[in-house]
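Dear colleague,

I am handing over the structure we spoke about, and I would be grateful if you could look through it alongside the notes that follow.

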Amino acid sequence: MDDTSGHDHGHSHSHGVSTDADRRWLGIALGLIAAFMAAEVIVGVLAHSLALISDAAHMLTDAASIVLALIAIRLAARPAKGLYTYGLKRVEILSAQANGITLLLLAVWFVYEGIKRLINPPDVEGPLVLITALVGIVVNIAAAWCISRANRTSLNVEGAFQHILNDLYAFIGTAIAGAIVWLTGFARADAIAALVVAALMAKAGWSLVRDSGRIFLEAAPAHLDPDRIGTRLVAIPQVSQVHDLHVWTITSGQPSLSAHVLVDDNADCHALRSDIETVLHDEFDLEHTTLQIDHLSDADAHKADLHCAEPHGPIHRA
């Protein structure tokens, strides 16, 4: 039997080296968002604009999402030790899921308030809304650019980016609504803009919750098909069978695989292990692998001695 693990070879290019840069860009974006948010709350109250107030609330969650992302990056960078054999890398996925849930909750609230204001629209100061929204567009473009410079392969960073991007869309909608109110007096445009923003929030929030949920449920990454991988492995000469094949994601950009591989009795286990790892790396970009390699006759004898049941999951045979 040959049991071997490959641990994070080459993963530092997306998690270790870029950590300081990610923190710097996220910190700049946080400063921009926090400064403008405070001003927008005041203007939104003075202008009686739900669109502006909803934008300000969204910016509060933007700031919170960036703070959460910064904390997650720091925790995920800690080395694995003790009971946490993978370290705290999945804190980043918790952060992404929290960002998605807050987007969904905000969407529900904005839909409720938007419908109320469609029925009974308040007076809205169109020019004030328009000017504030135009400034908000500039601020959010700058913040989105900063976060785009960070490592967006991280679902954690992507969660913060989606918050900022949706806020940019919100300000565009608010600016249009402010112009309509100013030029036509149609006050319901403000509530309609809030409903459009809510729809965008729901879409982005669901995407984050879905993707983070796949990781927590140990689902195979969307771009990796376990059946295809198993079929490819048994096509390697002298590989007889592959079972107990599992593919999952530790954290963003770190897919992992484990499998029990049975090989011909005259095969060199060490050489075949190297061949399998090469295929997994070159064809599927899998670097963190745990392979148990047994000769076919040894595995059958061992199973008989222990009265073992059949392996779990699909069995791939040559």
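The helices referred to below are DSSP runs of at least four residues, numbered from the N terminus. With that convention, lysine 116 and glutamate 113, which are three residues apart in helix H4, are separated by about one helical turn. Their side chains meet in a salt bridge, with a distance of 4.0 Å from N to O. The two partners are covered to unlike degrees, since glutamate 113 counts as buried at 15% relative accessibility, whereas lysine 116, at 41%, counts as partly exposed.

Before the remaining findings, a word on confidence. Please keep in mind that this is a predicted model. The mean pLDDT of the protein is 80, and 85% of its residues reach 70 or more. Over residues 1-17, however, the pLDDT is below 50, although this stretch has 40 contacts in the model beyond near neighbours in sequence. Residues 304-309 also have a pLDDT below 50, and there the model shows two contacts beyond near neighbours in sequence. Where pLDDT is low, the predicted coordinates should not be read in detail.

As for the overall picture, the protein has ten helices and five strands, and of its 318 residues, 48% count as buried. If one takes the contacts between residues at least 6 apart in sequence, 77% of them join residues at least 24 apart. The protein exposes about 15,300 Å², of which carbon and sulfur atoms supply 64%.

Returning to the charged pairs, the structure holds four salt bridges, and besides the one in H4 I describe two here. Arginine 232 forms a salt bridge with glutamate 283, the closest N and O atoms being 3.0 Å apart. Because arginine 232 lies in helix H8 (residues 226-234) and glutamate 283 in helix H9 (residues 269-284), this pair ties together parts that are 51 residues apart in sequence. Both count as partly exposed, arginine 232 with a relative accessible area of 27% and glutamate 283 with one of 41%. In the other pair, aspartate 211 forms a salt bridge with arginine 210, where the closest N and O atoms are 3.2 Å apart. Aspartate 211 is partly exposed at 27% relative accessibility, and arginine 210 is likewise partly exposed, with a relative accessible area of 41%.

On the surface there is a nonpolar patch that you may wish to display, formed by Tyr169, Ile172, Ile176, Ile180, Phe186, Ile192 and Val196, which together have about 580 Å² of accessible area. Helix H6 (155-184) and helix H7 (188-216) each supply at least two of the patch residues, and H6 contributes the largest share, with four. Isoleucine 192, one of the patch members, is found in H7 and counts as partly exposed, at 39% relative accessibility.

Which residues does leucine 200 contact, once its neighbours within four places in sequence are left aside? They are Asn166 and Tyr169, and the latter is itself a member of the nonpolar patch. Leucine 200 is placed in H7, and its C-alpha atom is separated by 6.5 Å from that of asparagine 166, although the two residues are 34 apart along the chain. At 28% relative accessibility, leucine 200 counts as partly exposed.

Serine 95, which lies in helix H4 (residues 91-119), is buried, with a relative accessibility of 3%. Not counting residues up to four places away in sequence, serine 95 touches Leu68, Ala69, Ala72 and Asn156.

Finally, among the strands, E2 (residues 239-249) is mostly covered, with nine of its eleven residues buried. E2 pairs with strand E3 (residues 255-263) in the antiparallel sense, over eight bridges, and within this pairing glutamine 241 has leucine 262 of E3 as its bridge partner. The two strands form a hairpin with five residues between them, and in the turn glycine 253 has a positive phi of about 75°.

With best wishes

How values were computed: Residues numbered from 1 in each chain as written. Heavy atoms only, no water. Patch = residues over 30% accessible without salt bridge, like charges linked within 9 Å, V, L, I, M, F, W, Y side chains within 5 Å. Areas by Shrake-Rupley, 256 points an atom, 1.4 Å probe, with all protein chains shown as cover. Buried < 20%, exposed > 50% of the residue type's maximum accessible area, 1.4 Å probe, protein only. Pairing = 2+ DSSP bridges. Contact = heavy atoms within 4.5 Å. pLDDT = per-residue confidence, 0-100.
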